[in-house]
Amino acid sequence: MTPETGEALRRAAAHVLVEDVESPVLSDESTLHVFRSLRVRNDELVTVTDGAGRWRRCSARDDAIAIDGDVIFEPRRSSPVTIGVAIPKLDRPEWIVQKLTELGVDRIVFLHADRSVVRWDPDRALRHVAKLRRVAAEALQQSRGVWLPVVDGPVSSHVFLLEAVVAEPGCRALGSSDHVVAIGPEGGWSTTELSLAKDRASLGRRVLRVETAALVAAAHLTAHAG
């Protein structure tokens, strides 16, 4: 993203996820948010994105928007960043998705690990993932992103770890070549899981909560990803 592009997105009075940037139309929910909650006024800059790298400038016009600029495409990074997380308790998955979306993670995968306390059956998984995707959409708008992350799960750790670096104390530091990192449950990874992992890397000297570890790994990977 060029400095000019970033500046345009940052100074917009609102940034909205739409289905089609060629002919952008705000949903009823987005209209209420933009013109009632944010109180955007006529002629103020509103940017819209389809969450797939395309966005454009628009202007607020009487509780609607008018196109002001051409569609701009921002390519996805050459090395997409994926964070896998053993499902934590309570509302912590929502916090994780919100913050990882703000950081620009490309894919967020919730895992069933050997020592996971929380597990989603198929019905719960559908509900949880649908809600988490809404959280990601809201976070994308707030953070002025143009690529909506993929949110998946639950996935077996035994499958995911084959291509992932596991966060594990006492190992090497994360490097610029790492793009897929897995965060284990509070009880840690099992011996089997460690043997399956592509590699191991440390997130520092301290013992971190699941959500903190996910944030640390994401911040490092997005800062160094191409």
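Here are three short exercises on the predicted model shown above.

**Exercise 1. Classify the ring pair of Phe 73 and Trp 147, and say which parts of the chain it ties together.**

Solution. Start with the general idea: a pair of aromatic rings is described by the distance of the centres and the angle of the planes. For Phe 73 and Trp 147, the centres are 6.2 Å apart and the planes stand at 70 degrees. Angles over 60 degrees count as edge-to-face, so this pair is edge-to-face. Next, place the residues: Phe 73 belongs to strand S5 (residues 72-73), while Trp 147 sits in the loop between helix H4 (122-143) and strand S8 (150-156). The pair therefore ties together parts that are 74 residues apart in sequence. Finally, check the surroundings: Phe 73 is partly exposed at 45% relative accessible area, and Trp 147 is partly exposed at 24%.

**Exercise 2. Do the same for Phe 110 and Trp 120: are they buried or exposed?**

Solution. The ring centres of Phe 110 and Trp 120 lie 5.7 Å apart with planes at 45 degrees, so the pair is tilted. Phe 110 is in strand S7 (residues 107-112) and Trp 120 in the loop between S7 and H4, so the parts tied together are ten residues apart in sequence. Both Phe 110 and Trp 120 are buried. The count of aromatic pairs comes to two.

**Exercise 3. Compare the radius of gyration of the chain with that of a compact globule.**

Solution. For 226 residues, a compact globule would have a radius near 17 Å; the chain has 19 Å, which agrees. Now look inside: 46% of the residues are buried. The fold itself has seven helices and eleven strands.

Notes
Residues numbered from 1 in each chain as written. Predicted model: local features only at pLDDT ≥ 70, side-chain atom pairs only at ≥ 80, totals over all residues. Heavy atoms only, no water. Phe/Tyr/Trp six-rings, centres within 6.5 Å; stacked < 30°, edge-to-face > 60°. Helix = DSSP H or I, 4+ residues; strand = E, 2+ residues; numbered from the N terminus. Buried < 20%, exposed > 50% of the residue type's maximum accessible area, 1.4 Å probe, protein only. Rg over C-alpha atoms; globule rule 2.2 N^0.38 Å.
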